[in-house]
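Open the model in your viewer and keep the selection tool at hand. The stops below go from the whole fold to single residues.

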Amino acid sequence: MNLTLHLTGACNMDCAYCTQEKKPVTMTKEILHAACALAFSEGQHAGFCFFGGEPLLCEDLIFEAMDLCAARSAETGKRVYYRMTTNGTLLSDRMIARAADEGMEIGISFDGTMQDICRRYKNGAGSFADTESAAKRLLAAMPRTTAMMTVAPQAAAHYAEAVRYLYELGFRNIHAVPAYGQKVSWDAEALDRMKAQLTEIAAFYSECLRADDPYYFSPIETKIRHLLSRTHPSDHCHLGTGQMPVAPDGKIYACNQFIGDAAYCLGDVFSGISRKKCAELMLRQAVPETCRSCTLRSRCLHSCGCLNRLETGDPSKVSAVHCAYEKMLIYLADETAERLYESDRARFDRYFKGKEAD
Ligand code: SF4
Ligand code: SF4
């Protein structure tokens, strides 16, 4: 079973677009132990994502979880996988060494050269220097580390420059999303800026691929890969069936945005997960009414209940901003794929399909 452990509701930063309600609560050892036991209780493996707030405020709990899981793994013969999403500013060399040893996948929240526009400490100071230093140490130990970018309207004009900076620093996995939620406001001009920057990034993405030093850039590459494999983006979003979040108090929810909402609570680490509740959630209408006759429906991530709720307050309602962004990405991904295919079919097939052209 895969669990996301929200070890704490606290964070040492105060990012302008943060969607988390900060609370000075930390998971107890008792809850951590029960969560580990639950993850090993079903399925062929156990998966943990250490999350917060900022999970490295609870570094000792992470080490304790890994010690516990190593013992459980030896007992049960089940493999254990780890991931962590962190702002990186509290990353110790001890944690990097252990993470590298355990094969932990780390996503460091880093907006590159846009960092200090939104990602600031509580005292207002920018976090660029500390995050860059952590990123360099992580990349040296784990070259496949992911940079997790969030693009706010006030920083969008620097998006392409920020992607180039992260690439030059050594990142070959870049995951990027627009800032969503009540703290940001995307108007038509900001969306135009986003589109112009994404066009520039798509050109850089193609240039790197042609130079045989490609990087994964999530907004464009996932759309191309979904198209080629004929998979629906929403297939990856299953409320209450995939990666389930465990709140610091041990309650388990359907997805991150639903933490604290009793209607989406699936159980807790002591009593387990209510399969009846999961089945009820599975039956919910996944396709928003406004999307049912849209020709882009099969290409669009319109049914992410978590994101919809963050944007509109309703898991079944898509915001105009998200709709505009999805349309922008589909158009750009198709244009990028077509150009790459036309210019070098063999390279395109090798990269996207893992085979030589006929
Ligand atoms: S580091 Fe993450 S949790 Fe902390 S303030 Fe920033 S976005 Fe929020
Ligand atoms: S593009 Fe807009 S209307 Fe079409 S499926 Fe996506 S969110 Fe819905």
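The tour starts with the overall fold, then visits the core, a strand pair, the two ligands and some loops.

**Whole chain**

Keep in mind that this is a predicted model. Show the protein as a cartoon. You should find 12 helices and 11 strands. Now draw a box along the principal axes. The C-alpha atoms fill roughly 55 × 50 × 45 Å. How does the radius of gyration compare with that of a compact globule? For 358 residues, such a globule would have a radius near 21 Å, and the protein has 20 Å, so the two agree. Colour by burial next. Of the 358 residues, 39% count as buried. Then turn to contacts between residues at least 6 apart in sequence. Of these, 71% join residues at least 24 apart.

**The core**

Stay with the buried residues. The largest nonpolar core has 91 residues. Select Leu5, Ala35, Phe48, Val151 and Tyr253, the residues with the most contacts inside this core. Centre on Ala35. Leaving aside residues up to four places away in sequence, Ala35 touches Leu3, Leu5, Val246 and Val269.

**Strands β1 and β2**

Select Thr4. This residue sits in strand β1, residues 2-6. Is Thr4 buried or exposed? Thr4 counts as buried because 23 C-beta neighbours lie inside 10 Å, and the cut-off for buried is 20 or more. Show the contacts of Thr4 beyond four places in sequence. They are Cys49, Phe51, Gln243, Met244, Pro245 and Val246. For a longer view, draw a line from Thr4 to Gly305. The two are 301 residues apart along the chain, and their C-alpha atoms are separated by 17 Å.

Now add strand β2, residues 45-51. Strands β1 and β2 run parallel and are joined by 5 bridges. Pick Asn2 to see one partner: in β2, Asn2 is bridged to Gly47. Strand β2 is largely enclosed by the rest of the structure, because 5 of its 7 residues are buried.

**A cis peptide and ligand 1**

Move on to Gly53, in the loop between β2 and α2 (59-76). Select Gly52 as well. The peptide bond joining Gly52 and Gly53 is cis, with omega about 15 degrees. Most peptide bonds are trans.

Both glycines also belong to the next selection. Which residues are around ligand 1? They are Cys11, Met13, Asp14, Cys15, Cys18, Gln20, Gly52, Gly53, Glu54, Asn87 and Ser109. Colour this shell by class. You get 4 nonpolar, 5 polar and 2 charged residues.

**Ligand 2**

Jump to the other ligand. Around ligand 2, select Thr290, Cys291, Cys294, Leu296, Arg297, Cys300, His302, Val318, Cys323, Glu326 and Lys327. The same colouring gives 6 nonpolar, 2 polar and 3 charged residues here.

**Two loops with positive phi**

Most residues other than glycine have a negative phi. The next two stops have positive values.

- Select Asp212, in the loop between α7 (188-210) and β7 (216-217). Its phi is positive, about 60 degrees. Asp212 counts as exposed because 9 C-beta neighbours lie inside 10 Å.
- Select Arg230, in the loop between α8 (218-229) and β8 (243-246). Phi of Arg230 is positive too, near 55 degrees. Arg230 is exposed, with 7 other C-beta atoms within 10 Å.

**Two more loop residues**

Select Met104, in the loop between α3 (93-102) and β4 (105-109). With 21 C-beta neighbours inside 10 Å, Met104 counts as buried. Beyond four places in sequence, Met104 touches Tyr82, Arg83, Met84 and Ala99. Add Leu138 to the view. Met104 and Leu138 are 34 residues apart in sequence and 11 Å apart in space, C-alpha to C-alpha.

Finish at Arg172, in the loop between α6 (159-169) and β6 (173-178). Arg172 counts as partly exposed, with 18 C-beta neighbours inside 10 Å. Which residues does Arg172 touch, not counting those up to four places away in sequence? They are Tyr215 and Tyr216. Last, draw a line from Arg172 to Pro143. These residues are 29 apart along the chain, and their C-alpha atoms are separated by 8.0 Å.

Notes:
Residues numbered from 1 in each chain as written. Chains lettered and ligands numbered in written order. Predicted model: local features only at pLDDT ≥ 70, side-chain atom pairs only at ≥ 80, totals over all residues. Near = placed C-beta within 6 Å. Nonpolar A, V, L, I, M, F, W, Y, C, P; charged D, E, K, R; others polar. Core = buried A, V, L, I, M, F, W, Y, C linked by C-beta atoms within 7 Å. Buried ≥ 20, exposed ≤ 12 C-beta atoms within 10 Å, placed from the backbone. Contact = placed C-beta atoms within 7 Å. Helix = DSSP H or I, 4+ residues; strand = E, 2+ residues; numbered from the N terminus. Rg over C-alpha atoms; globule rule 2.2 N^0.38 Å. Pairing = 2+ DSSP bridges.
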